[in-house]
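Biologist: I am new to this structure and would like a close look at a single part of it. Could you take me through the nonpolar core and the helix packing beside it, one step after another?

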Amino acid sequence: MNSEELLALLSAVGHAQRLRVIGELADGRLYVSELARRLEMSRPLLYMHLDRLEKAGLVAGRLELSEDGKALKYFELTPFELKLNVATVLAALQEDRTAALPEAAGDGGGDGDGVGAAEPPAKKKPNTTRGTRT
């Protein structure tokens, strides 16, 4: 896990409504309308929270057809364990440094987009300032 993933995870659980979503899903999967009713929350707002939780890998959603042919979006918790300590933070930062190494090494550090490539020296402009002593 790198620092971006760690921050996404912490952000996902760092909100009271998302903790309530996790609490409701702890007993098993639910479809969005039922979950919204239980939480007394609008579906658009619930979808925003579910999206954050899904991007962090804490919940998974799946569309299913009901017996009467309606499409229902079900969400369930994915198994997770959240452990935050100094070692977790240091490991995320180390992952960032490891991922950055291939960019800095190799053929001059560029990836073909010109970033990090040496630029030709700029032409010197003649000094047009008058009356200045150096």
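Modeller: In this predicted model, the largest nonpolar core holds 18 residues, and those touching the most other members are Val21, Leu25, Leu35, Leu46, Leu50, Leu53 and Leu58. Two or more residues each are given to this core by α1 (3–13), α2 (16–25), α3 (32–39) and α4 (43–55), and the largest share, 4 residues, belongs to α3. As a general background, nonpolar side chains in soluble globular proteins tend to be buried together. To follow one core member, take Leu58, which, once its neighbours within four places in sequence are left aside, is in contact with Leu9, Ala12, Val13, Ile22, Leu53, Glu76, Leu77, Thr78 and Phe80.

Turning to the helix pair, α2 and α4 pack with their axes 10 Å apart and at an angle of about 80°; because an angle of 65 to 115 degrees counts as roughly perpendicular, that is how these two helices are described. On the α2 side the contact is made by Gln17, Arg18, Val21 and Ile22, and on the α4 side by Leu46, Met48, His49, Leu50, Arg52 and Leu53, a set that divides into 6 nonpolar, 2 polar and 2 charged residues.

Within that contact, His49 deserves a separate word: it lies in helix α4 and has a relative accessibility of 2%, so it counts as buried, the limit being under 20%. Its side chain is joined to that of Arg18 by a polar contact of 3.0 Å, and, not counting residues up to four places away in sequence, His49 touches His15, Gln17, Arg18 and Met41.

Notes: Residues numbered from 1 in each chain as written. Predicted model: local features only at pLDDT ≥ 70, side-chain atom pairs only at ≥ 80, totals over all residues. Heavy atoms only, no water. Core = buried A, V, L, I, M, F, W, Y, C linked by side-chain atoms within 4.5 Å. Buried < 20%, exposed > 50% of the residue type's maximum accessible area, 1.4 Å probe, protein only. Contact = heavy atoms within 4.5 Å. Axes fitted to C-alpha atoms, helices over the stretch in contact; angles between N-to-C directions. Parallel < 35°, antiparallel > 145°, perpendicular 65-115°, else oblique. Nonpolar A, V, L, I, M, F, W, Y, C, P; charged D, E, K, R; others polar. Polar contact = N/O pair within 3.5 Å; in protein donor to acceptor, adjacent residues only side chain to side chain.
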